[in-house]
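Open the model in your viewer and keep the sequence panel visible. The stops below say what to select and what is found there.

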Amino acid sequence: MKNFRSDFPVFETHPNLIYLDSTASALKPRIVIEETSRFSVESYANIHRGAYPLSEAAEIVYDRSKKRVANFIGANSPAEIVYTYNATYALNYLAGSMRRSGWIGRGDKILVSLAEHHANVVPWQMLAEEVGATVEFVRLDESYDLDFADFERKYDDSVRVVALAHVSNVTGKIFSLERLSAMLRDDTYLVVDASQSAPGAFLDVQMLDADFAFFTGHKMFAETGLGVLWGREDLLREMRPAFGWGGAINWVSEDGYESAGLPYRHEPGTPHIQGAASIDSAIRYIESIGGRETINEIKNGLVAHALRRLEEFPHPIDLLGPRGVEGRVGILSHSIPDVHIADLAEYLGERDICVRAGLHCAEPLARWRDVRGTVRASLGIYNTIEDIDRFYDAMIDGITALRR
Ligand SMILES: Cc1ncc(COP(=O)(O)O)c(C=O)c1O
């Protein structure tokens, strides 16, 4: 089975590390670290302001990264790519801009699903509070996909926004968003939280027929502090910026101001220029290893092995998510009734096994499943079959040692 562990220098300083927390943040490949730091040494200066070669060199990299991101997600043009600080910021920015643009008002409805990360819930709840709208949750079916009957019940004329994750960060389920987007009226904005699909290199905003999508660079090998908001060009043009200052402005006078062109009007202040360089090399890295196909192949091998281990697991355990390798990414969330999961995660951590225990910022999903939390192992291209075995062996020992 393919494996790219040797591309990740962290394993040179931590040779025993079993990193199963890629859903929270991906480790950084050598090439991204080196290229980003070379950019800082050779080409860094502020952009869009300097008429000197260093600033122009930085600007070339910044603009190139926009093109790369646009291609990577099937956008029509780099003008549709707005850099933010992370996914959370991207959605807060979008919600704020929608409010300023008057796109959502009193009596309107925003639909999200029970599986959303809080980053795709709370900004909508805050917006709803401010304008007198409501937020409703679409339920899931037993396969952890969207419950389409429930969606149809809730999708009435008052719905302005449908905001859904492409992939659940708890169950790993890839939602049937193409089916859903075919059901939407023209007066509904489809906003896609692509935080867990962009890293798998299968976000295609045209195929989803979305209006907006957002994700975060650090989950796909880029630096922290760089998020992406994609929007259809006509909508980004029409939408009023949530904030204003500095570089997002064409002119300012005592009487007012004029916002700059796209996408800069939505990028107030100095952007994360090194972050842009890092996502440029992160995408080149993903493409160099074979992109979606390779990531999927590795995921399938690891998940199939994990599912076999779970079949013979000697303690009570439940997997929150699909039981097969298809229609999912490599996220495995385990509900374990016999132990305090925080203690178990600590037990694993002491053995160099990095997992997450808790609600994973998706509390409505845990409530629906009536679990107090799960131990989440999320897989990356640096994981091996031995990692999976060491993880489940340590889980068995840990549960035996910590059982209540
Ligand atoms: C589905 C999903 N949405 C949003 C986020 C938030 O990402 P960030 O913390 O980079 O803003 C996460 C992070 O775990 C996520 O998994």
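Select tryptophan 103 to begin. Its relative accessible area is 10%, so tryptophan 103 is buried in this predicted model. Add tyrosine 189, which is also buried, at 15%. The two ring centres are 4.9 Å apart and the planes make an angle of 15 degrees, so this pair is stacked. Now colour by secondary structure: tryptophan 103 sits in the loop between α4 (87–101) and β3 (109–113), whereas tyrosine 189 belongs to strand β6 (residues 189–193), so the pair ties together parts that are 86 residues apart in sequence.

The structure holds 17 aromatic pairs. For another of them, select phenylalanine 39 and tyrosine 44: the centres are 6.4 Å apart and the planes stand at 85 degrees, so the geometry is edge-to-face. Are these two residues buried or exposed? Phenylalanine 39 has 5% relative accessibility and therefore counts as buried. Tyrosine 44, with 33%, counts as partly exposed.

Next, select Phe8, Phe11, Tyr19, Phe221, Tyr285 and Tyr382 together; these residues form one aromatic cluster.

Two arginines come next. Select arginine 179 with phenylalanine 148: the charged end of the arginine sits over the phenylalanine ring, 3.7 Å from the ring centre. Then go to tryptophan 368, where arginine 369 lies over the face of the ring, at 4.2 Å from its centre.

Move to strand β8, residues 227–231. The strand is mostly covered, with 5 of its 5 residues buried. Show the side chains and look along the strand: Gly227, Leu229 and Gly231 point one way, and Val228 and Trp230 point the other way. To see what pairs with β8, select strand β2 (residues 81–84), which runs antiparallel to β8 and is joined to it by 4 bridges. Within that pairing, threonine 84 has glycine 227 as its bridge partner. Then select strand β7 (residues 212–216), also antiparallel to β8, with 5 bridges between them. Here phenylalanine 214 stands opposite leucine 229.

Now turn to another sheet. In what order do the 4 strands of this open sheet lie? The order is β11-β12-β15-β14, with antiparallel pairing. At the edges are β11 (318–319) and β14 (356–358), each of which pairs on one side only. Select β14 along with β15 (residues 374–378): 3 bridges connect them in the antiparallel sense. One contact to pick out is that of glycine 358, whose bridge partner in β15 is threonine 374. Add helix α14 (residues 385–402), which packs on the sheet and touches both β12 (331–335) and β15. The direction of α14 makes about 10 degrees with that of β12.

Finish with the cysteines. How many disulfides does a search of the whole structure find? The search finds 0. Select cysteine 354 and draw a distance to the sulfur of cysteine 361, the closest cysteine sulfur: the separation is 18 Å, too far for a bond. Cysteine 361 is likewise in no disulfide, and its nearest cysteine sulfur is that of cysteine 354. Both residues can also be checked for accessibility. Cysteine 354 is at 24% relative accessibility and so counts as partly exposed. Cysteine 361 has a relative accessible area of 39%, so this residue is partly exposed.

Note on methods:
Residues are numbered from 1 along each chain as its sequence is written. This is a predicted model: local features need pLDDT of at least 70, side-chain atom pairs count only at pLDDT 80 or more; totals for chains, interfaces and linings use all residues. Side-chain values use heavy atoms; hydrogens and water are left out. Two strands pair if DSSP finds at least two bridges between them. Helices (H or I, at least four residues) and strands (E, at least two) are DSSP runs, numbered from the N terminus. Contact means heavy atoms within 4.5 Å. Axes are lines fitted to C-alpha atoms, for helices over the stretch in contact, and angles run from 0 to 180 degrees between N-to-C directions. Rings of Phe, Tyr and Trp (its six-membered ring) pair if their centres lie within 6.5 Å; planes under 30 degrees apart count as stacked, over 60 as edge-to-face and the rest as tilted. Buried means under 20% relative accessible area, exposed over 50%, partly exposed in between (1.4 Å probe, protein chains only). A charge sits over a ring if NZ of Lys or CZ of Arg is within 6 Å of the ring centre and within 35 degrees of the ring normal. A disulfide is a pair of cysteine sulfur atoms within 2.5 Å.
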